[in-house]
Amino acid sequence: MSDFTIGDRVDFGNGTGEIIKIEGDQADGGILHILSADGELKKLPAGLPHITVIESSEGLLAKGEFADPRRYDLRQTALELSANRSYDHFIALPHNRIKIEPYQVKAVHEILSSYDHRYLIADEVGLGKTIEAAMVIEELAARDRADRVLIVTPAPLQQQWQEELREKFGQEFVIYDREFVETQQNAHPSQNAWMQEDRIITSVDFAKQADIRDALGNLSQEWDIAVFDESHHLTARREGQAGIEKTQRYRLGEVVSRHSDGLLFLTGTPHNGKRDQFYFMLKLLDPYRFEDEDHITPDGLRDLMIRRLKSNMTREDGSRMFPEKEIRTLPVTFTQAEQALYEDVTEYISEHFNRGSSSDSNVAGFAMAVYQKRLVSSVYAIRKSIENRIQALSGGGADGKLSKLVQQLLPKYRRDPEMLTDQAREQVERELEQVSFTDNPEELEQELEILEELRDQARQVRVDSKAQKLQKFVNGILESDPDEKILIFTEYTDTLEYLRDEVFSSYRTAEIYGDLGQSQRRKQVERFEEEANLMLATDAAREGLNLQFAHIMVNYDLPWNPNRIDQRIGRLHRYGQDETVKIHNLFVDETRESEILERLLEKIDEIESQLGLSSDVLGLVLDDFNLEDEIMTAVASHKEVDDVIEEVEQHITANQADVTAAQEQLTAAEHESDEAETKKIRELIARSEENTVLGDEVRQLLRQFFAEFGGTLRKETGTGEPVLFHVEPPKILQGNSVDAVYEQVTFDRETAVENPKSEFMSIEHELVEALLAFCSDEERAGGLTTVKTAATDEPTPGIFFTFRLECIDGVGDVVAEELFQTYITLDGELHDLPEFTGGLPPEQAKSSEPVNSVINKHEKLQNTAVAVAQSRGEELRATIAEDREKATETRIENTKAYFDAREERLNADLESYQEQDKQDDKDMSALINKRRRQLEDINSEREQVLAQLETKQVVACEEPKLVSIAVVVDGLN
């Protein structure tokens, strides 16, 4: 049995840890209190035979026990590659597959340098908010500060986030939906499903449900960082004098905010002019920043929000980073047959729309709106709809009833359609097309007769004027430049299929629509970029696709939702676009919906110039205005277009003052970069690249490790340029996240960016991380001590010490880590790090006189080395503490001001109640007591919050941890 002492590191069979207490006599059944490596407290009998002391490097040196120099070199390489986790440079920046601009680096650095990583990223659409958030997560993870991450998005964006994080950053996230959560609950009924995985993506409308909110509010371990994409959907508003109306989404935000350390909100439209809603969103990030919406200031926003507009972004040479966009009209005139069909179908639609609008559910109104939109989309689309309806009504129809699922989706389909997945939207419209509005057999028969006449009429239309116009336009473009690329949007898959199979069957096309999976979409984007001239897309492509290699877009039909129009444009008008983006809209003369939309879009330039925005303007000024209803009502009631436009303009005018004021407030808080700041960011990027682990270093590390423990690293045969590798890790690393074989491996970032199918093996790769973890485990990898030889002109003998320095804050989080090395010769003098020439085998080292002379003095030399390491640790601590104090100073001031204002208001109420209580006819005791209790609660909360902030300011450097020792002797003697 070993003789244990407090502080010993021990292996207890299924883990390792440090003895922090010894209870009783070891020789007579004593108990060891062991703090395990994963933070658990173990109580084990001291007499257990499998508990063994893990020898430290100094203990091994005292005994004259040395490892083979190759094993030491391997450990040293691993330690050096995984160290230096400070915030003065980026760790993960050079290890992903994306090109990053300085303005993005600036945003990420600001967030990483902040007190608690809680920020609103409010960059305009197309500036790369998703990339910035992913970079924050990646950098925190590289510093072991992001083990648990939650990403909450609108349902349609879940897969996009998952794919982007996997492909560009090598991060694996699990999508949580109802099916997945129930599977987890059935498998582990006693556990919270949200603790089963550490990296989770979920939709806001799934997570907002009461049972899921409850589970998210009952976590045994909080999120290190959470992200809300499209955070403007977290809505709360003032109600009455003192009330607050909170949506379910907002209540979800409250739960996640309480249980997250870092918190990022992403939105291109942070402020729609409603000041209370903006205030409540900010309150989720920092509850004590502003007293209320009247006290939001640009200065108060500057370290809470990052906001940049495309119009203000410039390159180093002063040129615009984002080119202009031009919106043009392609007018279409129907033939007589097309116009007759349009008018006859519109008459049929109007009759049923007006009949259905008086009902509570208005299912008929919804259904007829779908038909009207399909009518102006294409003759093919409306013919298909009529044929489907005939087939449904011939079988009795759906008798006015929709499935339970569609009934649940219908309110969102009307008010918030962008929060529906494409599949959900299509299911709603498919059922609406087939629903019957009457159970009267005669009325049903009459409708069928009308539909059959309309079907026959549609079949007789021989000329498609819209398709001809589009084809002529496309031909003109391709005649000028056969390699040009054109993105063509339509709202309906039927129209897309018609364009693909009938109009452009002989052209090189790619396509994206709702039913395509993410991998199929990627292939279609690659086809569009590499070989196809045309991309035919439904609104499934309006978000999540980056097509800035094209600059011409055609809206074959326009959605009646203004947000979708901007989202379509955003596929091209975004970061990386070098050409003027040209948008061409096909409008049909003598159709009300086209006239309304055309007149509306003509106002875009005017509104954009007034607000200084280049996207989302229609959504802002038409907030709370149901454009679809207005268009449908105009069509059904033969309302004059001028009257509709006048109503729209009145709404815009009513909203524009608030929206303009909101934009001015945001603009005042914008992060503009001057020349000095730009230089600082470029220095940060250069420092990150200088300190990064190069691909050659990673490849050499693998070679070293495989030479010691087995494994294969060889060039792929027949790959030519670039060179790709075949990697087979040894069995000791396989399992968990490490595969048995990796094909098409590259260690070069540029090769990885140009070859998306290659396996990019950087320092952040799961195999390399497993290898580094193995080498850090001194029991498994060894290499704690060795004897190295140095050149004759180096001062020898001596000891080369390697320490790990760690600074922690007041809550125990590691805020800085550094590998510190020093070399001390036998006379106790410090010297520059020696140049090694080789090493001595363990058996030869034991008989070396210079080695033994060092062993005899090792305690004195080590004391000197520890003192030097402590001095460096104090320098590191002082730098971090100064940065921390700056980061929390504003937060503490804001918090004090917040509580002072609340206390002042409550005291004023209290004084008023006390004065009124002096009057004979008034008893104000209940209100007086209530205000006194509130004052007590305020003071208690103030003390607690300020104490937490001050705790974060405290920084301490732990005692230097000696991780390896090398005795250094003359290589020739």
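In the predicted model, His33 of strand E3 has Lys43 of strand E4 as its bridge partner. On the E2 side, His33 stands opposite Lys21. His33 is thus a point from which the pairing with both neighbouring strands can be followed. Strand E3 covers residues 31–36 and is joined by six bridges to strand E2, residues 16–23, the two running antiparallel. Five bridges join E3 to strand E4, residues 41–45, and this pair also runs antiparallel. E3 and E4 form a hairpin with four residues between the strands, and within this hairpin Gly39 takes a positive phi near 90°.

A separate sheet was found to be open and to consist of six strands, in the order E15-E20-E19-E16-E18-E17, with parallel pairing. Its edges are formed by strand E15 (325–332) and strand E17 (509–512), each of which pairs on one side only. From one strand to the next, the twist averages 20°. Strands of a sheet pair through backbone hydrogen bonds, either parallel or antiparallel. At the E15 edge, eight bridges join E15 to strand E20, residues 581–588, and the two strands run parallel. Within this pair, Pro331 has Phe587 of E20 as its bridge partner.

Two helices were identified that pack on this six-stranded sheet. Helix H21, residues 562–569, touches E15, strand E16 (486–489), strand E19 (552–555) and E20, and its direction makes about 155° with that of E19. Helix H22, residues 592–602, touches E15 and E20, and its direction makes about 150° with that of E20. E15 and E20 are therefore touched by H21 and also by H22.

Packing between helices was examined for H28 and H30. Two packed helices are described by the angle between their axes and the distance between the axes. Helix H28 (residues 695–709) packs against helix H30 (residues 766–776) at an angle of about 55°, with the axes 11 Å apart. Because of this angle, H28 is oblique to H30. The crossing of the two helices is left-handed. On the H28 side, the contact is made by Val698, Leu701, Leu702, Phe705 and Phe709. On the H30 side, the contributing residues are Leu767, Val768, Leu771, Leu772, Phe774 and Cys775. Classified by residue type, the contact of H28 with H30 comprises 11 nonpolar residues, with no polar and no charged residues.

How values were computed. Residues are numbered from 1 along each chain as its sequence is written. This is a predicted model: local features need pLDDT of at least 70, side-chain atom pairs count only at pLDDT 80 or more; totals for chains, interfaces and linings use all residues. Side-chain values use heavy atoms; hydrogens and water are left out. Two strands pair if DSSP finds at least two bridges between them. Axes are lines fitted to C-alpha atoms, for helices over the stretch in contact, and angles run from 0 to 180 degrees between N-to-C directions. Angles under 35 degrees count as roughly parallel, over 145 as roughly antiparallel, 65 to 115 as roughly perpendicular and the rest as oblique. A crossing is left-handed if the near helix is turned anticlockwise from the far one by less than a right angle, and right-handed if clockwise. Contact means heavy atoms within 4.5 Å. Ala, Val, Leu, Ile, Met, Phe, Trp, Tyr, Cys and Pro count as nonpolar, Asp, Glu, Lys and Arg as charged, and the others, Gly among them, as polar.
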